[in-house]
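User: I'd like to go through this fold and ask how each label was earned. Could you take me through the reasoning?

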Amino acid sequence: MQGKLYMLPVELGDAAHTRYLPSYNVEVMARLDAFVVENARTARQYLRKLFSDKDLSATRIFEADKHDGYSYPREEVFALLKGGTDVGFMSEAGCPGVADPGAKVVADCHRGGIEVVPLVGPSSILLGLMASGFGGQSFKFWGYLPFAKEQRKNALRDISTKAERQHETQIFIEAPYRNDALLRELADTLPPSLSICLCVDLTTPEEEILRLTVREWRSKLSEKKLSFHKRPAIFLVGK
């Protein structure tokens, strides 16, 4: 019997695991002793938080190197899988393989005849879409918007067109320390007929979900009382 690759969703922010993980996930993770992860240090911290009574000294953690296209020690991982050991994949937040690394490992497993098992868990993209009230039939996730001035200008023009004329929900993220600047930029740039939904600290006790028209955001921001600085957030634009 070969092992399986389990795609393991993790927390989006500091919250009790009962808020975002099914009990089945916890059972699977508890018996795994081998993981491929985005960051070894934070993965160990998460496992200690989840299983405070478990001895993790024998747990094997292989890191996917983001500086080398998320390469990982494939031969070691596949020796485990081919030998019958189940392996888990965890990214830094949310669902691995969805706007997070993991695709390379999954593709290798498919090519190698290894079963891949995706587990249910939190995705800020889908949670934000669910909470926004925008159309879910057609949407685009941009990841981070381009930083270069001309490329960014074109991206914002594309966002406006697709949201206003095609009713395609536009979704993107930003480094948390730039949340306020991006929100100001969107309010100043997008047509007043569109709306912006901002979802902050999803699944945590500090969760906030705000949907306002561009015109309303301009008014709110002019009061200079709102700030989402350094808080994990996802932005959605729609009509």
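User: What makes strand β8 and strand β10 partners, and how many bridges join them?

Analyst: Happy to help; note that this is a predicted model. Strands count as paired once DSSP finds at least two bridges between them. Six bridges join β8 (residues 195-200) to β10 (residues 233-238), so they qualify as a pair. The two run antiparallel, and S195 stands opposite G238 in β10.

User: Which order do the strands take in the open sheet with mixed pairing, and why is one side of β6 and of β9 left without a neighbour?

Analyst: That sheet has five strands in the order β6-β7-β10-β8-β9. β6 and β9 (208-213) stand at the edges with a single partner strand each, so one side of each has no neighbour in the sheet. From one strand to the next, the twist averages 15 degrees. At one edge, β6 (residues 139-144) pairs with β7 in the parallel sense over four bridges, and F141 stands opposite I171 in β7.

User: Why is strand β7 described as largely enclosed?

Analyst: Buried means under 20% relative accessible area. Four of the five residues of β7 (residues 169-173) are buried, so the rest of the structure largely encloses this strand.

User: Why is helix α7 called oblique to helix α8?

Analyst: The angle between α7 (residues 179-189) and α8 (residues 214-222) is about 130 degrees, and their axes are 9 Å apart. Roughly perpendicular ends at 115 degrees and roughly antiparallel begins over 145, so α7 is oblique to α8. Their crossing is left-handed. The contact involves L183, R184, L186, A187 and D188 of α7, together with V214, W217, R218, L221 and S222 of α8. By class, that makes six nonpolar, one polar and three charged residues.

User: How is the open sheet with parallel pairing ordered, and which are its edge strands?

Analyst: Five strands follow the order β3-β2-β4-β1-β5. The edge strands are β3 (60-63) and β5 (115-118), each of which pairs on one side only. Here the twist averages 25 degrees from one strand to the next.

User: How do you know that β1 pairs with β4?

Analyst: The requirement is at least two bridges. Three bridges join β1 (residues 4-7) to β4 (residues 87-90), so this parallel pair meets it. Within the pair, M7 stands opposite F89 in β4.

User: Which strands does helix α3 lie across?

Analyst: Helix α3 (residues 74-82) lies across β1, β2 (34-37), β3 and β4, running at about 135 degrees to β3.

Conventions. Residues numbered from 1 in each chain as written. Predicted model: local features only at pLDDT ≥ 70, side-chain atom pairs only at ≥ 80, totals over all residues. Heavy atoms only, no water. Axes fitted to C-alpha atoms, helices over the stretch in contact; angles between N-to-C directions. Parallel < 35°, antiparallel > 145°, perpendicular 65-115°, else oblique. Left-handed = near helix turned anticlockwise from the far one by under 90°. Contact = heavy atoms within 4.5 Å. Nonpolar A, V, L, I, M, F, W, Y, C, P; charged D, E, K, R; others polar. Buried < 20%, exposed > 50% of the residue type's maximum accessible area, 1.4 Å probe, protein only.
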